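Me: I would like to learn how to read a structural model step by step. Could you take me through it, giving the general idea before each case?

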Amino acid sequence: MLQLEMLSFVVQQRRHVMRLNDRAMQNTRLRAKNEKDVKLISEGVQKICQLAPNMKTTTADILEGNFPWITDASDSTSSLVSIAEKRKIADMCVKLERLKEEKHLLRNEMRQYLSYCDSQLSDIKKIVQDDCSLSYH
């Protein structure tokens, strides 16, 4: 449920950035990320409806920030955590995802580089071997 709150907040934040942004390419990327997150929210809502049929909620409710599990503001987690703190948490989650992506890309680049170095090393060995065999004859 906390993940749904976080995803909802991230989607709202991206929508705000898209309104302020005038770069179409960046907006396209943000829109794609929002679609992915909305799909995750939708799947989460379906799971909630299956597990707790009496809890009536929709994806639109979650995206608007209306969470049915928060019934009273005095005992809710949202009253304990400020919007700024939620924003920091959401930013950290996005940064963590980006870090994971960068790590994956860096590993792939290093594998390709090592493969290239291995092929170059074998080529150099062949050249040295051929050179040595020619010098002995």
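**Reading the helices, the charges and the surface**

Me: Before we start, what kind of model is this, and how many helices and strands does the protein chain have?

Reply: The model is a predicted one, and that should be kept in mind throughout. The protein chain has five helices and zero strands, and read along the sequence it follows the pattern α-α-α-α-α. Of its 137 residues, 18% count as buried.

Me: How should I read a single helix, and how does the reach of α1 relate to the expected value?

Reply: One begins with the span and then asks which residues are covered. Helix α1, residues 2-20, has 19 residues and reaches 27 Å from its first C-alpha to its last, close to the 27 Å expected at 1.5 Å a residue. Its buried residues are Leu 4, Glu 5, Leu 7, Ser 8, Phe 9, Val 10, Val 11, Arg 14 and Met 18.

Me: Is Leu 2, in the same helix α1, buried or exposed?

Reply: The cut-off is what settles this, since exposed means over 50% relative accessible area. Leu 2 has 62% relative accessibility and therefore counts as exposed. Leu 2 and Phe 67 are 65 residues apart in sequence, and their C-alpha atoms are 9.9 Å apart in space.

Me: How do I read which parts of helices α1 and α2 approach one another, for instance around Leu 30 and Leu 40?

Reply: One compares the separation along the chain with the distance between C-alpha atoms. Leu 30 is found in helix α2, and its C-alpha is 9.0 Å from that of Val 11, although the two are 19 residues apart in sequence. Leu 40 also has its place in helix α2, and its C-alpha is separated by 8.3 Å from that of Leu 4, which is 36 residues away along the chain. The cover of the two leucines can be read separately: Leu 30 counts as buried because its relative accessibility is 12%, whereas Leu 40, with a relative accessible area of 36%, is partly exposed.

Me: Turning to charges, how many salt bridges does the structure hold, and which residue meets Asp 37 in one of them?

Reply: For a salt bridge one looks at the oppositely charged side chains and then at where each partner sits. The structure holds four salt bridges, and in one of them the side chains of Asp 37 and Arg 14 meet at 2.6 Å, N to O. This pair links distant parts of the chain, with Asp 37 in helix α2 and Arg 14 in helix α1, 23 residues apart. Asp 37 counts as buried because its relative accessibility is 7%, and Arg 14 is likewise buried, with a relative accessible area of 13%.

Me: Why would residues three or four places apart in a helix be worth checking for pairs?

Reply: An α-helix has 3.6 residues a turn, so residues three or four places apart point the same way. In this structure, Glu 97 forms a salt bridge with Lys 100, the closest N and O atoms being 3.9 Å apart, and both residues lie in helix α5, three residues apart, about one turn of the helix. Glu 97 is partly exposed, with a relative accessible area of 44%, and Lys 100 is partly exposed as well, at 48%.

Me: Which side chain does Glu 102 meet in a salt bridge?

Reply: Its partner is Arg 98, and the N to O distance is 2.3 Å. Glu 102 and Arg 98 both lie in helix α5, four residues apart, which is about one turn of the helix. Glu 102, at 36% relative accessibility, counts as partly exposed, as does Arg 98 at 42%. Salt bridges that share partners join Arg 98, Glu 101 and Glu 102 into one network.

Me: Finally, how do I read surface patches, and which residues form the positive one?

Reply: One asks which residues of like character are grouped on the surface. The positive surface patch is formed by Arg 23, Arg 29, Lys 33 and Lys 36. Arg 29 is found in helix α2, residues 24-51, and counts as exposed because its relative accessibility is 52%. A nonpolar patch is formed on the surface by Leu 106, Met 110, Tyr 113, Leu 114 and Tyr 116, with about 550 Å² of accessible area together. Tyr 116 is found in helix α5, residues 83-136, and at 48% relative accessibility counts as partly exposed.

Methods: Residues numbered from 1 in each chain as written. Predicted model: local features only at pLDDT ≥ 70, side-chain atom pairs only at ≥ 80, totals over all residues. Heavy atoms only, no water. Patch = residues over 30% accessible without salt bridge, like charges linked within 9 Å, V, L, I, M, F, W, Y side chains within 5 Å. Areas by Shrake-Rupley, 256 points an atom, 1.4 Å probe, with all protein chains shown as cover. Lys, Arg positive; Asp, Glu negative; His and termini not counted. Charge placed at Lys NZ, Arg CZ, Asp CG, Glu CD. Helix = DSSP H or I, 4+ residues; strand = E, 2+ residues; numbered from the N terminus. Buried < 20%, exposed > 50% of the residue type's maximum accessible area, 1.4 Å probe, protein only. Expected span 1.5 Å × (residues − 1).
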